[in-house]
Amino acid sequence: KSAKLRATGCAVYANSTEPQAIRLDKGSEMEASLVCAVGGVKAKTTAISPAPTTDCPVLSDPLSARVAPEIGVCDATNLEIKSGTVELKAGRYCGGLKITGDAHVTFELGEYVISDGILEVSGKATVAGENVAFYLHGEKALLNFTGDSTISLTGAASGTMAGLLFFEDRSSSVGRTHRINSANAHTLTGTIYFPNGNLRIDPNASVAQNSAYTAIIANKVEINEGPTLVLNDDYGETNVPVPEGIRTSSQVVLVQ
């Protein structure tokens, strides 16, 4: 409902064979360089530009060969930051990581393993980091950005997670929901990779519009109740590489 996807230099690709592999409800719009579905499309004819193609071939997961990072020992357990200005170092955060209240947190460069708990940013908290990547390890590891929080994150430029911003544990169950509801989630540069998880984007605000590029591979993507998700393709404006298999003739691909 009243959701918009702006991906003028990118492609939207749905692997689902269902009659509503791509579905746009009242007031929703989708704009991309290519819209392709293995199954069917339910939308007003004027809601999708260009007109979608159906009966497309199934695409394989372009990141299926990517290796998960080393897990390591716990560097912190059940860490919650409610206020102040804090710099966090890369490492393993067991029991999740919660940043709430009016905390200002900067992630130093490196890989962050969030184990068996939620990566939560809520309230009026602000988080920022360049050359950072988050591996969500374990069944309870979910993404939850809500409230008036401000998100400015740029993915890994090198290393095991190069090109990735978020990487979900492949052993997690299918259908878990990651959520971006932050009113100020303006910079999400890199690839969001949820091979089994659903991604729900539902703030009544624009999302990712300040990112050089954003790629999403997920089991299901839901943009709901008023947000505008912007998928840019300014690849030359960042040192975060586009993972092999994503930047093709179809450019950025959403896989369902």
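Let's start at cysteine 74, which sits in the loop between strand 5 (48-49) and strand 6 (76-81). A word of caution as we go: this is a predicted model. Is cysteine 74 buried, exposed or partly exposed? Its relative accessibility is 39%, so cysteine 74 counts as partly exposed. If we set aside the neighbours within four places in sequence, the residues in contact with cysteine 74 are Arg92 and Cys94. To get a feeling for distances, take alanine 3: cysteine 74 is 71 residues away from alanine 3 in sequence, and their C-alpha atoms are 39 Å apart in space.

Please stay with that loop for a moment. Proline 50 is also found in the loop between strand 5 and strand 6. The peptide bond that joins serine 49 and proline 50 is cis, with omega at about 0°. That is worth a pause, because most peptide bonds are trans, and most residues other than glycine have a negative phi.

Speaking of phi, I have two residues to show you. Serine 2, in the segment before strand 1 (4-14), has a positive phi near 55° and is not a glycine. With 34% relative accessibility, serine 2 counts as partly exposed. The other is asparagine 78, whose phi is positive too, at about 50°. You will find asparagine 78 in strand 6, and since its relative accessibility is 57%, this residue counts as exposed.

While we are at the start of the chain, have a look at glycine 9 in strand 1. Glycine 9 has a relative accessibility of 17% and counts as buried; the cut-off here is under 20%. From glycine 9 to leucine 97 is 88 residues along the chain, and 34 Å between the C-alpha atoms.

Now, on to the aromatic rings. How many aromatic pairs does the structure hold? There are nine. Here is one of them: phenylalanine 107 with tyrosine 112. Why is this pair edge-to-face? The ring centres are 5.1 Å apart and the planes stand at 80°, so the pair of phenylalanine 107 and tyrosine 112 is edge-to-face; planes over 60 degrees apart fall in that class. Both phenylalanine 107 and tyrosine 112 are buried.

Another pair is made by tyrosine 213 and tyrosine 235, and this one is tilted, with 5.3 Å from centre to centre and 55° between the planes. Where do these two sit in the chain? Tyrosine 213 is in the loop between strand 19 (206-207) and strand 20 (214-223), while tyrosine 235 is in the segment after strand 21 (228-230), so their pairing ties together parts 22 residues apart in sequence. Tyrosine 213 is buried, at a relative accessible area of 0%. Tyrosine 235 is buried as well, at 9%.

Some rings go beyond pairs. Tyr93, Phe107, Tyr112, Phe134, Phe145 and Phe166 are linked by ring pairs into a cluster.

Two names from that cluster come back in the next part, the nonpolar core. The largest core has 52 residues, and the ones that touch the most other members are Phe107 and Phe166. Which strand gives the most to this core? That is strand 18 (residues 184-201), with six residues. As for phenylalanine 107, and not counting residues up to four places away in sequence, its contacts include Leu88, Leu97, Ile99, Tyr112, Val127, Phe134 and Leu153. A second core, separate from the largest, has 15 residues, among them Met161, Ala215, Ile217 and Tyr235. So Tyr235 turns up again, because it belongs to that core.

Last stop: empty space. Rolling a probe the size of a water molecule over the atoms shows where such space is left. Here there is one cavity of 30 Å³ or more, and the largest cavity has a volume of about 30 Å³. Which residues line it? Among the lining residues of the largest cavity are Ile180, Leu188, Ile192, Val207, Thr214 and Leu229. Strand 18, which we met in the core, supplies the largest share of this lining, four residues. Strand 18 and strand 20 each supply at least two residues. By type, the lining of the largest cavity has nine nonpolar residues, one polar and no charged.

Note on methods
Residues are numbered from 1 along each chain as its sequence is written. This is a predicted model: local features need pLDDT of at least 70, side-chain atom pairs count only at pLDDT 80 or more; totals for chains, interfaces and linings use all residues. Side-chain values use heavy atoms; hydrogens and water are left out. Rings of Phe, Tyr and Trp (its six-membered ring) pair if their centres lie within 6.5 Å; planes under 30 degrees apart count as stacked, over 60 as edge-to-face and the rest as tilted. Buried means under 20% relative accessible area, exposed over 50%, partly exposed in between (1.4 Å probe, protein chains only). A nonpolar core is a set of buried Ala, Val, Leu, Ile, Met, Phe, Trp, Tyr and Cys residues joined through side-chain atoms within 4.5 Å. Contact means heavy atoms within 4.5 Å. On a 1 Å grid over the protein atoms alone, a cavity is a set of points where a 1.4 Å probe fits but cannot get out, and a pocket is an open set with protein on both sides within 12 Å along at least five of seven lines; lining residues have an atom within 4 Å of a point. Grid points are joined across faces, edges and corners, and a volume is the space filled by probe spheres set on the points. Ala, Val, Leu, Ile, Met, Phe, Trp, Tyr, Cys and Pro count as nonpolar, Asp, Glu, Lys and Arg as charged, and the others, Gly among them, as polar.
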